[in-house]
Amino acid sequence: VNAMNVNKDKTEELIQELKNQGVIVGIEDLGSYIRKKGLIVKEHIGRKRNYIEISPKVFGVDVSQKGEDVRELFKQYMKMGKMSFIPDSYEKKLINLESSVRMTRRRESIGYDESFMTIEIYWDFVKYFEEKKREYFAIRDEIVSKWDMLIRRFKEVLLNSLDELNALDKEIIFNSIVSRVPSKEEYQRSFYMSLSVKAFPVVENLDMFDESIQNKIKEGLNKEMISTLYEIIGNALNDAFENVSRVLISIEKNDKLASKTLGSINKTADRLAKKNIFHNPKIDEIRRDILRVVSKSGNVEEVAELAENLLAKIYGYAKELGVESSITSISSCPLSEDELLWIYEILEPAS
């Protein structure tokens, strides 16, 4: 603990409830405990991209002065020196699905480089993942079903545009571009979307090493366990802070608590219950305070006051633990860092 520049007393506090329950004896048991509570989850999503790189010099023209096909070429098929052979509308849908899965995995994870999930959260994520996978492959199947028509239209737009642009070596350019378009079968086979799951790493099979190496490995893993402990606590605090902050933003913007924000903050309380694997009493207190905000939703002034105090409590506690850098949404919070800490000192002067 001392070697990691973290507060020893605070570290002991973070695992005290687990010790009280007889779940662990000390920090050295943390790895085995974490391993039983969750899994490391990674998504693997990919496909053959629907573009080919091409020098924009070929199309160095004022598009607004050209015909419909040229405008369509640049709007639907060209971007940053890359030419799509499938309309951009399909690409946007696919990218949005990929981003949604990755963002959800990051949000639902509680630590270990945004990849460790509790067992309960993992099963919820699997349901979500399978739903998005069906959507992903449905878009693929739609593209494949229209493949001949889409590629034919792409060729028409490309050829007509090269004509209108008076491109030199038009046929060579056309054939060069078209030859790099994959076949329908290649494109279809290239899609994949899966999850890989593995256990949290713990010390095992050390007997094969001499004692000095064993000690080094144990030391490294113990540091990793403590780092993960703080990362998981910081993740929960950040989740709470970000969503409580939205309550204040919603009130400032609309003079009321929007129903969407209310639903979101309610879900945050549920997530905190699942994320609090160390049974941290402060995080449980924050969760109960969030539910109190929800229960007072009809009184905007009271909700605003509760939310301000709660943000101060979250940030002040993060500051105490030295994990305030985990609060990534601090810049968008209606209250400044100084204001948050000032309120925290009033709320908890003995801290």
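Mentor: Two strands pair if DSSP finds at least two bridges between them, and we shall apply that rule to this model, which is a predicted one.

Trainee: Over how many bridges do strand β1 and β5 pair?

Mentor: The rule asks for at least two bridges between two strands. Strand β1, residues 38-46, runs antiparallel to β5, and one place to look is Ile40, which stands opposite Phe116 in β5. The pairing of β1 with β5 extends over 3 bridges.

Trainee: Which strands stand at the edges of the sheet, each with a single partner strand?

Mentor: The sheet is open, has 3 strands with antiparallel pairing, and follows the order β5-β1-β6. Because each edge strand has a single partner, one side of each is left without a neighbour in the sheet, and this applies to β5 (116-118) and β6 (192-198).

Trainee: At about what angle to β6 does helix α5 run?

Mentor: Two helices can be described against this sheet: helix α4, residues 88-108, lies across β1, β5 and β6 and runs at about 170 degrees to β1. Helix α5, residues 119-145, also lies across β1, β5 and β6, and its angle to β6 is about 165 degrees.

Trainee: Which helix gives the largest share of the largest nonpolar core?

Mentor: That core has 93 residues, and Leu237 and Ile314 are among those with the most contacts inside it. Not counting residues up to four places away in sequence, Ile314 touches Leu237, Ala240, Phe241 and Val244, among others. The largest share of the core, 14 residues, comes from the helix spanning residues 211-254, namely α9.

Definitions and conventions:
Residues are numbered from 1 along each chain as its sequence is written. This is a predicted model: local features need pLDDT of at least 70, side-chain atom pairs count only at pLDDT 80 or more; totals for chains, interfaces and linings use all residues. Side-chain values use heavy atoms; hydrogens and water are left out. A nonpolar core is a set of buried Ala, Val, Leu, Ile, Met, Phe, Trp, Tyr and Cys residues joined through side-chain atoms within 4.5 Å. Buried means under 20% relative accessible area, exposed over 50%, partly exposed in between (1.4 Å probe, protein chains only). Helices (H or I, at least four residues) and strands (E, at least two) are DSSP runs, numbered from the N terminus. Contact means heavy atoms within 4.5 Å. Axes are lines fitted to C-alpha atoms, for helices over the stretch in contact, and angles run from 0 to 180 degrees between N-to-C directions.
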